[in-house]
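Colleague: I should like a close look at a single part of this assembly. Please take one site and then place the rest of the model around it.

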Amino acid sequence: MTATTDTHAAAPHLGTGARARNTWATRTWTRYVVRRLGVFALSLWMLVTFAFAMIHLIPGDPVRAALGVNASPELVAARRAELHLDEPLLSQYVRYLGGLVSGDWGVSLQSRLPVTQVIAERLPNTLLLAGLTFVVTLLIALPIGTGMAVLTQHGRHRLLELGYTGIAMVVSAVPEFLMGVVLVYVFAVRMEVLPIAGNAGPGSVILPVAALSLGSALALSRIVRVELLSVLGRDFVRTARAKRLRPRRVYLRHALPNALTATITLGGLLLSGLIASTVIVESIFAWPGLGPTMVSSIITKDYPLMQAIVLIYGAMVLSINLVVDMVLSVLDPRSTIREA
Amino acid sequence: MPGSGGAGRRVSDTLRNPLAVAALLAGTLVLGTALLGPVIWGEAAETNDFTSLDQPASAAHPFGTDKLGRDILARVLVAARLSIGLAVAATAIGMVLGVLVGAVASMSGRRLRRFLAMMIGIAVAFPGLLLALFFAVIFGVGPRGAVLALGFAMAPGFARLTQTLAASVTSQDYVSAARALGVSRVRILVRHVLPNLAEPLIVNGTVAAGSALLAFAGLSYLGLGVQPPAYDWGRMLSEGLNSIYTNPSAALGPALAIVVSGLAFNFAGEFAAQTVGGRARVHRKVPAHVPADAGPRLSTSSDDAPGTVLSVRDLTVRIPTADGLIRPVRGVDLDLAPGEAVGVLGESGSGKSLTALAISRLTHDPVRVDAQRLTFDGMDLRGRLGATERTRLGTSLSMVFQDPMSSLNPTMRAGDQLAEVATEHQGSSWRDARARAVERLRAVRMSAAERRSRQLPHELSGGMRQRVMIAMGLMGDPRLIIADEPTTALDVTVQQQVLEVIQSTRERTGAALLLISHDISVVSSICDRVLVMYAGRVVEDLPVADLERARHPYTRALVEAVPTMQTPRDERLSSIPGRPPDPAALPTGCPFAPRCPRADTTCTIEPPLVRYAAGSGAVACHHPVEETS
Amino acid sequence: MTAALDFRDVTVTYGTGAQAVRAVDGVSLQVPAGSVVGLVGESGSGKSTLARAAIGMAPLTGGSITASGRPLPRRGRRPVQMVFQDPVAALDPRMSVRASLTEALGVAGAVPRREREAEVMRLLELVHLDPGLAGRMPAALSGGQRQRVSVARAIAARPEVIIADEITSALDVSVQGAMLNLIRDLRAEMDLSMLFISHNLAVVCYVCDVVAVMYLGKIVEVGPTAQLVADPQHPYTRLLLSTAPRVGASLADSSLPPQVQDTEPADPHAPPTGCRFHPRCPQGPAVVAGREICAQQDPAPGARDRPHQAACWFPGGPVDLPSPRPRDPQPAEAT
Ligand SMILES: Nc1ncnc2c1ncn2[C@@H]1O[C@H](COP(=O)(O)OP(=O)(O)OP(=O)(O)O)[C@@H](O)[C@H]1O
Ligand code: SF4
Ligand code: SF4
Ligand SMILES: [Mg+2]
């Protein structure tokens, strides 16, 4: 029997009802995507506005604060003019937005280099670090989490579970920068096998990536395990077992895909957390990324650079969230209904 | 009082967990140091020993000395107060701000609520450390700026938490009831919402304080937090890192302090959460060999049952729980002739579902199943199941569960969930298997079967999902259908449809049916015979037609407790006083004795044996109701 | 005589635009003082929404609700009280039985502060609970006991009418009977007015004087219990009656014509045109020739003039079907 006769045979009202339900589903999805993109645009706009407003929220005269009490009034006035701080707020805002779009992000107060140039130099290193870390994290977390879930389900292997959760909890509670200090001590100071800092060859990326990924990998593996365990306790797994499928098929085909939703959600959070952690880890390892630049720009009150970096980091986080939500909406259509 | 008893047990369970004890100890230690550190070691931390500058660890200075010859251990201990104090201050700011915004958001009108929720949602998406760095720009470098920055950075998280918690509390019926009473908004907030929010908020606050500690150390490390000459762990760390080659302990000392106190906060919070949520259960293993049942064999049913599709003798299920080993199923006997339909009736917790799962070998650790006999279609199901047994079970034993939504894999097309039976057990190709799945869906009268088979479960209605479950059993050649409350989750009219599908399936395949339900009318509409279960035992086995003439007092009461269309409106319903016995503390005699109007002293001492009566059924009662009454 | 609770043309809409659902659509229903009115219908038919509207928790998009002739007040003592389905969620887990009841007495303001403790004891006895339970927290009570406390709390507020929404469906079979007995006792002792909501027709018929049947947001039939059972007018009522709990009835007794045997309940987002029951109706256009009107025109407007206010173009007994229903397991689509 073919699909046409099949649909034809159904009572007419049912056919339309079901079709209505189907288009309703696609419509919910489209609506969700539009909504989500709207939220993204709004967040981006808020971020830009925040970056713009930052300089105006600083108590006192920001330029005087940046140049110090000894700076001549002429210099202060010149810098104020350069930053257009004397114009009406609205025209400053318009000028700022225009600059962002046209690629004129201002000039660093300290180095006098164009901000875009500084970012272009530094950003790739940060992206490299974050990307590598993310991949390593996943490669560690997924197998460990899955394996541990299978081994420790129904309260089996209590000792293994206790050991694993204990270690995972402790390691994932150690902040990345401390992990960095410990790794430096062990591998660079004691064993002298890896370079301590800077970006000098492929070896120098190992410690920063390890510092960033160890904790988050174990944290994510715990999440994978807990999710998988809860999925394994759900009714449809019992149904799968009632069909007497091979255990492998039960785990990989029935349980794992259903544990993915939560894993991706939390993985996304973890990834944006990673972006923040790179700031400190880069400082420890003197990695030539955006992190150390951000810190020094805050300390030296280099406003244009600071604004730009805030924008970049913020945009990274927002994009990650957007991608995660999009992936989820495709993998798990029900998530769009829940949201709407 | 049972309520506080439960909480007390949770606390003692938590205390039995070594990690929890460690967290508690570390927490006390850290707080103690923060309070007393500067008082005890304040002087040592400021004493310059110019004879030993920048020294590595030694007996006199366990963590060595710094550039000015001060003892690092003493400085770490003294720095505890500032480090922890600042973290707690930041957490307090974040919590107050967040709870305020969250409470306003949840109490305000629709527009404002949605707007605030969106703002909070956007802010929450940013990692805390990043937000703190953003705010550090505004509040400036230094401890005050850092505390404010961190506090502001933590606020969105607390706002979100407050909002979701408040939303879940206000959606509870007791808040609706209070509103219906006319209780004022403020009073509802104070009496009903806030008290139910306090616990999780405090738990989360503790965990957040731990993260704040770590974040603050990070900020100080970067030079954005505490400024010299004041010092906290973060600043000590960054100084120590400069001399990591000459004196690594200068960095490791503060690092250790940060980790230990961060962990202490985190774990204390986490275990508090587990205690509150009652998750920190200690599991105990079942001893491998325990006599199946301490009492005598309870039934007198004949031991050979030829020509049965299912034959069960002395089925016992044991489960270790926090209250000790329980036996929710105790010595069940059961024979099913081919094509026979048998119902299992009983209250919630009487062991109906466990019996079904035990028979079909779907229980798992730590549940233990024992039986003197468990044969299905000539196969002994005790012991390990080999590949052939698996295949035969997969094709000839069909299961239907109560909740068709949760019983189907939400991420797999309905048709594929059927088809995989054929690919797994019958070596079909996916193409053939899918075609057969569609055909089987038609057999359960699924409309538009072809299209439905390509849909996900959430796109089907409840009745359709249950049809899918039934069709799943039809992929092979079912000898027995075990259906556990197959219609309970459905509307009456749909219930009827599903029962009819089960019935016609049975007629066509000749399969036997074991139908579990608490609903007498469901059982009586489709079954030939009924087993009534109470406290893990079959107390009566009788033909459906005799239900209203049941001899066991419990069956009687059960039939009379629920009105049917035939119940006269002027007659009181019978009610059974008390509750079913706690499986962890079963009475020695008849388990029904405390609730039974016919009980006497024999009943409380001696468990009644199952007695078969001439002609029809069996009853386990010392004083069965006689026909004349 | 004014009714204790009077719904007039009540409409409640959830959501907006394409997702809008008319959960309750032009419902008129009276609960006369001193009587128990039952409301049956399947899940999603709008029973609970109607109940929530009466306690002011679902905004009306049309019509009005009055209690003893007065509109529902927005503050102070409320004339309509409700008992909920879920015994676990119905009581604040942090308030003792006494605190819950005292709060209700306080709002009602009918009992002076000094006498509240005595009143709590009286209320507990009224719902057949041991007054010694007053100090208990909800966690230390069984489901049946909690439901009784909820009933006592509702009575404490001195309402004109109590709405009981599926109060027995979450309870164990052995305690359901006791709960229903309690409702009947209360009615006899204190002249209670009540709207009793349930999906179980047998339960409704057992406790109620009048029964209303709801389908997809509309009331399709109302009548005194005995008459409704003996002489149902609407085909949906007949369907409910034939599937209602009955010991000893076999499945075949309630079989439907094959044309509608396997039809699915309608999607509330897109209710069928005309009579909303027509795709499933055993006496409707899918089964009986010449009844196209069912699919085209809503029978509701003329309902008042028909027996039992039946919202049906062809009320009364079933028509003689052309041939006995074949018991054919093969689906209709296979032809
Ligand atoms: N995994 C488990 N761990 C601990 N106790 C359990 C477990 N599974 C079941 N029990 C207990 O065993 C007893 C019987 O449970 P079972 O689910 O068989 O009852 P039931 O008759 O099916 O009840 P219902 O009508 O509610 O479905 C109950 O006291 C239950 O609490
Ligand atoms: S044995 Fe005794 S207590 Fe048990 S059901 Fe029979 S009469 Fe009642
Ligand atoms: S109006 Fe027609 S379709 Fe509706 S209930 Fe009456 S007979 Fe059935
Ligand atoms: Mg069960």
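Modeller: I begin with ligand 3 in this predicted model. Its surroundings comprise 13 residues, of which C:Cys275, C:Cys281, C:Cys294, C:Cys312 and C:Trp313 come nearest. Sorted by class, the shell around ligand 3 contains 9 nonpolar and 4 polar residues, and no charged ones.

A charged residue is the centre of the next site, in chain B. B:Arg529 belongs to strand S10, which covers residues 529-534 of that chain. The relative accessible area of B:Arg529 is 19%, and this residue counts as buried because the cut-off is under 20%. Its side chain takes part in a polar contact of 2.8 Å with the side chain of B:Glu340, and in another, of 2.9 Å, with that of B:Asp541. Leaving aside residues up to four places away in sequence, B:Arg529 touches B:Asp335, B:Glu340, B:Ala341, B:Val342 and B:Gly343, as well as B:Asp541, B:Leu542, B:Pro543 and B:Val544.

As to the wider setting, chain B is divided into domain 1, made up of 2-48 and 59-279, and domain 2, made up of 310-385 and 479-620. The C-alpha centres of these two domains of chain B are 53 Å apart.

Chain B also meets chain A: 80 residues of chain B are in contact with 76 residues of chain A. Between them the two chains bury about 7100 Å², with 69% of this area on carbon and sulfur atoms. B:Phe134, B:Val137 and B:Ile138 supply 9% of the area that chain B buries against chain A, more than any other three residues.

Note on methods
Residues numbered from 1 in each chain as written. Chains lettered and ligands numbered in written order. Predicted model: local features only at pLDDT ≥ 70, side-chain atom pairs only at ≥ 80, totals over all residues. Heavy atoms only, no water. Near = heavy atom within 4 Å. Nonpolar A, V, L, I, M, F, W, Y, C, P; charged D, E, K, R; others polar. Helix = DSSP H or I, 4+ residues; strand = E, 2+ residues; numbered from the N terminus. Buried < 20%, exposed > 50% of the residue type's maximum accessible area, 1.4 Å probe, protein only. Polar contact = N/O pair within 3.5 Å; in protein donor to acceptor, adjacent residues only side chain to side chain. Contact = heavy atoms within 4.5 Å. Domains from an automatic or database assignment. Buried area = accessible area lost by both parts, 1.4 Å probe.
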